[in-house]
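Biologist: I'm new to this one, so could you show me the structure and talk me through a few of its charged pairs?

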Amino acid sequence: MPRIQVFQHVAAEPLGTLDPLIRRRGHRIRFTNFERDPDAAPTMDRYRGLVVLGGPMNVDECDRRAHLRTELRAIERMLELGRPVLGICLGAQLLAHVLGAPVRRHPAPEVGWHPLATTDAGRGDPVLAPLGNAAPVFQWHRYSFEVPREAVHLARSPLCEPQAFRFGDNAYGFQFHLEMDEALIERWLANPRYLAELAADGHPTDIETIRAQTRQHIATMKAQSEAVFNRFLDLVGRPQRRITLPSREFG
């Protein structure tokens, strides 16, 4: 029974709809919750896949949050082993950083429902293809990554060009949140810390508009996300092709 390691940063950002899909496939999930155990140092060699979730911290906080360096080294190890990696939001930014791409504060937060357009490569990608040419997706980020130099750009949005990439044939970074359901969106909309951060950035959060758009789009996104996530999970347990990454010190 393949084991998948999941890096979680805060209770408010769980696996969401990805959780039952992983369990339905018969995989065992091992959570490392860095909010509860910031000194955790999981040994990655025993896992067949890695999912790195989102969180309110940022890649440039390594000096204050030592677990971010732990995560960067773990991602690097999984890439070297040739095992599947999925980074969501912060997780995608960490993956991009491991691959040498800049991660910076975005000019304005991208929050709520936004149209996502796939690139030509994205429309033909083995994992992301179920999104089709365009799809409404849920967003909540203040930082964004550049697409790593050796990665393939898969999707963009009007406010943020780099939305998804693939490195090799089994490492994916998604800036957006396909794992959301109605309850999780409501949880974020009721989170005082998340709303305060947006207010500090001058983001006019129209909660009622987000709720209305959720009712309009959530069923479509959940169906598409199930197809996308299942295709990613198809990669778990495949024959692996080890790679050698340039040596880097993460700071």
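**Salt bridges and a buried leucine**

Modeller: Sure, and keep in mind that this is a predicted model. To start with, the side chains of D234 and R25 meet in a salt bridge, 2.5 Å from N to O.

Biologist: How many residues apart in sequence are the parts that this pair, D234 and R25, ties together?

Modeller: D234 sits in the segment after helix 7, while R25 belongs to the loop between helix 1 (18-24) and strand 2 (28-33). The pair therefore ties together parts whose separation in sequence is 209 residues.

Biologist: Is D125 buried or exposed?

Modeller: D125 meets R166 in a salt bridge, at 2.4 Å from N to O. R166 is in strand 8 and D125 in the loop between helix 4 (120-123) and strand 6 (134-145). Buried means under 20% relative accessible area. D125 has 1% relative accessibility, so the residue counts as buried.

Biologist: Which residue forms a salt bridge with K222?

Modeller: K222 lies in helix 7, and its partner is in helix 5 (residues 182-189), 40 residues apart. K222 is partly exposed, with a relative accessible area of 31%. The closest N and O atoms are 3.4 Å apart, and the partner is E182.

Biologist: Which residues does L245 touch, leaving out those up to four places away in sequence?

Modeller: L245 is in the segment after helix 7 (207-233). At 15% relative accessibility, L245 counts as buried. Its contacts, with those sequence neighbours left out, are E76, L79, E80, L99 and F167.

Methods:
Residues numbered from 1 in each chain as written. Predicted model: local features only at pLDDT ≥ 70, side-chain atom pairs only at ≥ 80, totals over all residues. Heavy atoms only, no water. Helix = DSSP H or I, 4+ residues; strand = E, 2+ residues; numbered from the N terminus. Buried < 20%, exposed > 50% of the residue type's maximum accessible area, 1.4 Å probe, protein only. Contact = heavy atoms within 4.5 Å. Salt bridge = Lys/Arg side-chain N within 4 Å of Asp/Glu carboxyl O.
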